[in-house]
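Here's a quick tour for anyone meeting this structure for the first time. Have a look at the model, then read on.

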Amino acid sequence: TFVMLLQGTKFRPNSTVSRAELAATFVRSGTVLQYVASSPMYSDVNDGYTRNVVESIQSNSSGKLIYDAAAGGEFHPDNPATKLVAAVAFVKASGFENLVTTTGLPPGVADCAQISTQYRGYVAVALQKGFLKLDGNYFNSNRSLTRLELAQAITKINRLPK
């Protein structure tokens with residue numbers, strides 16, 4: 001299944017992923033159902049394609065996948081998706097949100113204190129399930145997600161038993 005579009009004629013694995021591209025990958029992979037609200041949910045998402053993918057992931061049955069975008073406000077579709085935003089989205093989309101409260105970060109995560117307490121369980125589950133990896137001893141919550149990381153995570157999610 002072709003879930004990520006090429007940039008030009010190349011995949012560019014180390015290029016950053018935008019928030020809109022993250023949303024589109026969830027929809028194209030069949031990880032979330034498509035949905036479009038009767039009126040735009042976000043003030044900065046107006047074209048039909050972007051509305052479809054953004055509103056689909058934000059109207060997901062397990063709750064909005066991008067935690068830091070409130071309906072009625074801005075989604076920032078062109079901004080890079082961070083590793084923290086991706087970790088939360090991957091865990092919710094995969095159905096492992098029930099593990100968040102009981103899963104701790106592995107020992108030795110050097111930047112543990114920089115990860116907000118309410119999202120540490122998501123990061124822990126994303127690491128445990130192999131959706132994301134540490135950068136050495138650091139999670140680097142604010143680092144942009146790469147296209148390769150997105151492709152690897154969505155492949156793992158799609159291989160989970162249904």
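**Thr103 and its surroundings**

Let's start with one residue: beyond its neighbours up to four places away in sequence, Thr103 touches Gly121, Ala124, Val125 and Gln128. Keep in mind that this is a predicted model. The protein chain has 5 helices and 0 strands, and Thr103 sits in the loop between α3 and α4.

**More on Thr103 and its partner Val125**

- Thr103 counts as buried because its relative accessibility is 15%, and the cut-off for buried is under 20%.
- A polar atom of the Thr103 side chain lies 2.7 Å from the backbone oxygen of Leu99.
- Val125, one of the residues that Thr103 touches, belongs to helix α4.
- Val125 has 0% relative accessibility, so Val125 is buried too.
- Setting aside residues up to four places away in sequence, Val125 touches Val91, Phe96, Leu99, Val100 and Thr103.
- For a sense of scale, take Val125 and Pro40: they are 85 residues apart along the chain, and their C-alpha atoms are separated by 32 Å.

**How far to trust the model**

- The protein chain has a mean pLDDT of 92, and 94% of its residues reach 70 or more.
- Among the helices, where is confidence lowest, and where is it highest? The low end is α2 (residues 48–58), with a mean of 94, and the high end is α4 (residues 117–128), at 98.
- As a rule of thumb, predicted coordinates should not be read in detail where pLDDT is low.

**The overall picture**

- Reading along the sequence, you meet the pattern α-α-α-α-α.
- The C-alpha trace of the protein chain spans about 45 × 35 × 30 Å along its principal axes.
- A compact globule of 162 residues would have a radius of gyration near 15 Å, and the protein chain has 15 Å, so the two agree.
- Buried residues account for 48% of the 162 residues in the protein chain.
- Of the contacts with a separation of 6 or more, 68% are between residues 24 or more positions apart.

**The nonpolar core**

- In the largest nonpolar core there are 48 residues, and those with the most contacts inside it are Leu22, Phe26, Ile57 and Phe90.
- Each of α1, α2, α3, α4 and α5 supplies at least two residues of this core.
- Which helix gives the most to this core? That's α3, with 9 residues.
- Phe26 has plenty to show here: leaving aside neighbours within four places in sequence, Phe26 is in contact with Thr31, Val32, Ile57, Leu65, Ala89, Phe90, Ala93, Ile154 and Ile157.
- More broadly, nonpolar side chains tend to be buried together in soluble globular proteins.

**Helix α3**

- Helix α3 runs from residue 83 to 94, and 12 of its 12 residues are buried.
- The buried residues of α3 include Lys83 and Lys92 as well as Phe90.
- Part of the cover over the buried residues of α3 comes from α1, α4 and α5.
- How far apart are the end C-alpha atoms of α3? They are 16 Å apart, which agrees with the 16 Å that 12 residues should span at 1.5 Å a residue.
- Just after α3 comes Gly95, with a positive phi of about 85°.

**Helix α2**

- Helix α2 is mostly covered, with 9 of its 11 residues buried.
- Among the buried residues of α2 are Arg51, Glu55 and Ile57.
- One of the elements covering the buried residues of α2 is α1 (19–28).
- At the start of α2, the backbone nitrogen of Tyr49 has a side-chain oxygen of Asp47 within 3.4 Å.

**Two loop residues with positive phi**

- His76 is not a glycine, yet its phi is positive, near 60°.
- You'll find His76 in the loop between α2 and α3; its relative accessibility is 33%, so His76 counts as partly exposed.
- Asn140, also not a glycine, has a positive phi of about 60°.
- Asn140 lies in the loop between α4 and α5 (147–158).
- Is Asn140 buried or partly exposed? Asn140 is partly exposed, because its relative accessible area is 29%.

Key:
Residues are numbered from 1 along each chain as its sequence is written. This is a predicted model: local features need pLDDT of at least 70, side-chain atom pairs count only at pLDDT 80 or more; totals for chains, interfaces and linings use all residues. Side-chain values use heavy atoms; hydrogens and water are left out. pLDDT is the predictor's confidence in each residue, from 0 to 100. Helices (H or I, at least four residues) and strands (E, at least two) are DSSP runs, numbered from the N terminus. Buried means under 20% relative accessible area, exposed over 50%, partly exposed in between (1.4 Å probe, protein chains only). Contact means heavy atoms within 4.5 Å. A polar contact is a pair of N or O atoms within 3.5 Å; within protein, one must be able to donate a hydrogen and the other to accept it, and residues adjacent in sequence count only if both atoms are side-chain atoms. A nonpolar core is a set of buried Ala, Val, Leu, Ile, Met, Phe, Trp, Tyr and Cys residues joined through side-chain atoms within 4.5 Å. The expected span of a helix is 1.5 Å times one less than its number of residues. The radius of gyration is taken over C-alpha atoms; the globule rule is 2.2 Å times the number of residues to the power 0.38.
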